[in-house]
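Please open the model in your viewer and keep the sequence panel beside it, since each stop on this tour begins with a selection and then describes what can be found there.

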Amino acid sequence: MTHQRPAALAALALILATPAFAQDAVEVKAGVDAWSKGEYDRAVGQWKGPAERGDADAQFNLAQAYKLGRGVPIDLMRAADLYARAAKQGHVQAGDNYGLALFELGKKVEAAEWLDKSAIRGEPRAQFVLGTMFFNGDAVAKDWVRAYALVSRAASSGLPQASKTLTQMDQYISVADKQKGVALARQYESGKAQPSLIAINETPAPRTTPQPTAPVATAAANPVPTPAKPATQPAPQPAIRDGGWRVQLGAFGDAGNARSLWARVGSRFPGRQPYYVKAGAITRLQVGPFASQGEANRACGAVKPCIAVRK
């Protein structure tokens, strides 16, 4: 019967271990309850033991406390360590936050790999940050098409910073690249393409736009990178007289649809630029400027529907 002893010992070990796991779950839950009441010191006290014993939920919750400075002083390094420990156990939210924390800490090469995983899953904040990294060539190879696609996806998810950054990108990215970016964004949305990194750039490109590094204020907020001005400027366009006229191509409940339309038809209005005019929840796509109503009407021959409007 000696051959049965290892199995018996294994069963005994499982029985002895089970109460510890159960106790960790109780403490984690108690911490969550305390946190919801604003009792942050007590919440942190409940999570420290389970976190040290390897409970991924406790590690993630404790990381959030260090990130936000609730119940403990703000310590992004400590938060990143806890996110990493939980993420390596398969905790998805910890993985998302770990990539963002690494980015804030300036560890952008390491951050890119984690942000890439999150972006593939469709996490808007990761798509936004990774997209701006592609735009700037910041720790990854510069790729404006991929940048536009990722930031477009983040904007369509309702991330305000992404919508603002996309407007900035519109000033620098060619119509052809925007069209490719919009098409790639659709592939990301359908799951037919993945935003995997093309290449890691160990020496990030110089930036000309400052980038915030202060800790975030809320659990939903994250670093807000902004595109740096490209070293090579687009060729200057011939002077166009502004007579106060534009053409309007449509009104959209989703601002992303206005940008998508401009990416498709922008080449038909050489030298002009898009204007995304907010009217409550509606975004109107207007193009201009034009010197006169007649010039605007003639431009409308390039696409329908289209009407001349005073700005």
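How many aromatic pairs does a search of the whole structure find? The search finds six aromatic pairs, and it was run on a predicted model, which is worth keeping in mind at every stop.

Begin by selecting Trp35 and Trp47, whose ring centres are 5.6 Å apart and whose planes stand at 40°, so that the pair is classed as tilted. Trp35 belongs to helix H1 (residues 5–36) and Trp47 to helix H2 (residues 40–52), so this pair ties together parts that are 12 residues apart in sequence. If you add Tyr40 to the selection, you will have the cluster that ring pairs form from Trp35, Tyr40 and Trp47. Trp47 itself counts as buried, with a relative accessibility of 2%.

Keep Trp47 on display and select Asn61, which is found in helix H3 (residues 56–68). Is Asn61 buried or exposed? Asn61 is buried, because its relative accessible area is 16% and the cut-off for buried is under 20%. When neighbours within four places in sequence are left aside, Asn61 is in contact with Val28, Val32 and Trp47.

Move next to Phe135 and Trp144, where the ring centres lie 5.0 Å apart and the planes are at 5°, so this pair is stacked. Both Phe135 and Trp144 are buried. With this part of the model in view, select Phe134 and Arg146 as well: the charged end of Arg146 sits over the ring of Phe134, at 5.9 Å from its centre.

The next selection is helix H9 (residues 160–170), in which the buried residues are Gln161, Ala162, Thr165, Leu166, Met169 and Asp170. To see what covers these buried residues, colour the surrounding elements, which include helix H7 (124–136), H8, H10, H11 and strand E2 (273–279).

Some of these helices return at the second largest pocket, in which about 310 Å³ of space lies. Helix H8 (144–156), helix H10 (175–190) and helix H11 (255–265) are the elements that give two or more residues to its lining, and H8 gives the most, with five residues. Which residues lie nearest the centre of this second largest pocket? They are Ser152, Ser156, Gly256, Asn257 and Ser260, out of 15 residues that line the pocket. If you colour the lining of the second largest pocket by class, you will find five nonpolar, five polar and five charged residues.

For the last close view, select Arg246 and Tyr275, where the charged end of Arg246 sits over the ring of Tyr275, 3.6 Å from its centre. Then add Ala291, which is 45 residues from Arg246 in sequence but 8.8 Å from it in space, C-alpha to C-alpha. Ala291 lies in the loop between strand E3 (282–290) and helix H12 (293–299), and it is buried, with a relative accessible area of 18%. Residues up to four places away in sequence not being counted, Ala291 touches Arg241, Gly243 and Trp245.

Finally, clear the selections and show the whole protein, whose secondary structure comes to 12 helices and four strands. Of its 311 residues, 46% are buried. Among the contacts with a separation of 6 or more, 61% are accounted for by residues 24 or more positions apart.

Definitions and conventions:
Residues are numbered from 1 along each chain as its sequence is written. This is a predicted model: local features need pLDDT of at least 70, side-chain atom pairs count only at pLDDT 80 or more; totals for chains, interfaces and linings use all residues. Side-chain values use heavy atoms; hydrogens and water are left out. On a 1 Å grid over the protein atoms alone, a cavity is a set of points where a 1.4 Å probe fits but cannot get out, and a pocket is an open set with protein on both sides within 12 Å along at least five of seven lines; lining residues have an atom within 4 Å of a point. Grid points are joined across faces, edges and corners, and a volume is the space filled by probe spheres set on the points. Ala, Val, Leu, Ile, Met, Phe, Trp, Tyr, Cys and Pro count as nonpolar, Asp, Glu, Lys and Arg as charged, and the others, Gly among them, as polar. Buried means under 20% relative accessible area, exposed over 50%, partly exposed in between (1.4 Å probe, protein chains only). Contact means heavy atoms within 4.5 Å. Rings of Phe, Tyr and Trp (its six-membered ring) pair if their centres lie within 6.5 Å; planes under 30 degrees apart count as stacked, over 60 as edge-to-face and the rest as tilted. A charge sits over a ring if NZ of Lys or CZ of Arg is within 6 Å of the ring centre and within 35 degrees of the ring normal.
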